[in-house]
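Here are my notes for you, set out as numbered points. Keep the structure open while you read, and turn it as you go.

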Amino acid sequence: MKILKEGDHISREINSIRPGDFIVSQTLMSPDDFYGVKHYHQNAHFSFVLKGGCAEAKRDHYERPPGSITWYQAGEPHQITKVITPSYHINFELSESFFSLYSINESTVSEALKKHPLTGILMLKTYDELANPDTHSADSLRMLLLNLILGQAKLVYPGIPLWVKIVQEILNDRWTEKITLAELSLTCGIHPVTISRYFPIYFSYTLGEYCRMLKIRHAISMIRSSPTDLVSVAYACGFSDQSHFIRNFKSFTGMLPTAWQKL
């Protein structure tokens, strides 16, 4: 089995930023030259499929379509088994010093990746930083990474009030609907003032911002997975007009929807 040391890939690296305790990179796998050997990485890492896709195997075989994110523990064997079209990935490799510095462990990261509604949005911001690096990019990427991991920690750790979990489920499951504060209050049996006061603490957004963010998260997948025009995507995601959609897409991702569509 091949062992990949820090900073190594089985795919071709396009660009990377290496602050020291973590590495962010964009890589490319092509059908003609992908290296399908079973291997593991010395460091834990996660990988987001930006474009294309592939098939992979750990204990089981699974597909990795655009927009999907996969977590790999340090030393976890896996193997790329199929690449049909050129597959572009955004990768975060986390060293032991990173975990030590922020007093977190691999399971914290794994759970955050599963539950964070902003994952796709943060990965697009990461792509933008890699494509247009400057002296602030390393710090920007660190903030994006910590937001991804620790920004969701309030919704992952034990001890979260039941009403917070209920609100999260309602908003995530009914993201196309207009959910009011009054309805949330009635459903959860919690005073609207209490929800208003603590919602930004647990969700890191106001109610309106969180709902718009969920719509953009789904728009990211819709644009990549189908040839639907952007006007249709805007209306399918509950935006009243295309300009409102474009403004929110740019605000959350750092890029225009047309740029994501053409990527």
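1. Let's begin with helix 10, residues 242-253. Its twelve residues should span 16 Å at 1.5 Å a residue, and the end C-alpha atoms are indeed 16 Å apart, so the two values agree. Please keep in mind throughout that this is a predicted model.

2. Which residues of helix 10 are buried? They are Phe245, Asn248, Phe249, Phe252 and Thr253. Looking down the axis of helix 10, you will find these buried residues within an arc of 105°, so they line one face of the helix. An α-helix has 3.6 residues a turn, so residues three or four places apart point the same way. On the other side of helix 10 sit Arg247 and Ser251, both exposed.

3. What do the buried residues of helix 10 pack against? Their partners are helix 3 (119-131), helix 8, helix 9 (230-236) and helix 11 (257-262). Just past the end of helix 10, have a look at glycine 254, which takes a positive phi of about 85°.

4. Asparagine 248 makes a good residue to zoom in on. It lies in helix 10. Its relative accessible area is 9%, which is under the 20% cut-off, so asparagine 248 counts as buried. Setting aside residues up to four places away in sequence, asparagine 248 touches Arg212, Ile216 and Phe239.

5. Now turn to helix 5, residues 162-173. Helix 5 also has a length worth checking: its twelve residues reach 17 Å from the first C-alpha to the last, close to the 16 Å expected at 1.5 Å a residue. The buried residues here are Trp163, Val164, Val167, Gln168, Ile170 and Leu171. Seen down the axis of helix 5, these buried residues fall within an arc of 165°, so they line one face of the helix.

6. What lies on the face of helix 5 turned away from its buried side? That face carries the exposed residues Leu162, Glu169 and Asp173. The cover over the buried residues of helix 5 includes helix 2 (106-115), helix 6 (181-188), helix 7 (192-203) and helix 8 (207-225). Helix 8 is therefore a name to remember, since it helps cover the buried residues of helix 5 and also packs against those of helix 10.

7. A record can help you place this region. UniProt, in an unreviewed entry, puts the feature "domain: HTH araC/xylS-type" at residues 165-263. In the model, that span is 74% helix and 0% strand, and its end C-alpha atoms lie 35 Å apart.

8. Two serines deserve a look for their backbone angles. Serine 103 has a positive phi of about 55° although it is not a glycine. You can find serine 103 in the loop between helix 1 (96-102) and helix 2, where it is exposed with a relative accessible area of 68%. Serine 204 is also a residue other than glycine with a positive phi, near 65°. Serine 204 is placed in the loop between helix 7 and helix 8. Is serine 204 buried, exposed or partly exposed? At 38% relative accessibility, it counts as partly exposed.

9. Next, visit tyrosine 35, in the loop between strand 3 (22-29) and strand 4 (39-41). With 43% relative accessibility, tyrosine 35 counts as partly exposed. Apart from neighbours within four places in sequence, tyrosine 35 is in contact with Lys2 and Ile10. As a distance to try for yourself, the C-alpha atoms of tyrosine 35 and alanine 219 are separated by 32 Å, and these residues are 184 apart along the chain.

10. Finally, zoom out to the whole protein, which has eleven helices and ten strands. Its radius of gyration is 19 Å, close to the 18 Å that the globule rule gives for 263 residues, so the protein is as compact as a globular protein of that length. The C-alpha atoms fill a box of roughly 55 × 45 × 40 Å along the principal axes.

11. How much of the protein is buried? Of its 263 residues, 46% count as buried. The accessible surface comes to about 12,800 Å², and 52% of that belongs to carbon and sulfur atoms. Among contacts between residues at least 6 apart in sequence, 70% join residues at least 24 apart.

Terms used
Residues are numbered from 1 along each chain as its sequence is written. This is a predicted model: local features need pLDDT of at least 70, side-chain atom pairs count only at pLDDT 80 or more; totals for chains, interfaces and linings use all residues. Side-chain values use heavy atoms; hydrogens and water are left out. Helices (H or I, at least four residues) and strands (E, at least two) are DSSP runs, numbered from the N terminus. The expected span of a helix is 1.5 Å times one less than its number of residues. Buried means under 20% relative accessible area, exposed over 50%, partly exposed in between (1.4 Å probe, protein chains only). The arc is that of the directions from the helix axis to the C-beta atoms. Contact means heavy atoms within 4.5 Å. The radius of gyration is taken over C-alpha atoms; the globule rule is 2.2 Å times the number of residues to the power 0.38. Accessible areas come from the Shrake-Rupley method with a 1.4 Å probe; for residues, only the protein chains shown count as cover. UniProt positions are given in the numbering used here, feature names are shortened, and annotations may be inferred rather than shown by experiment.
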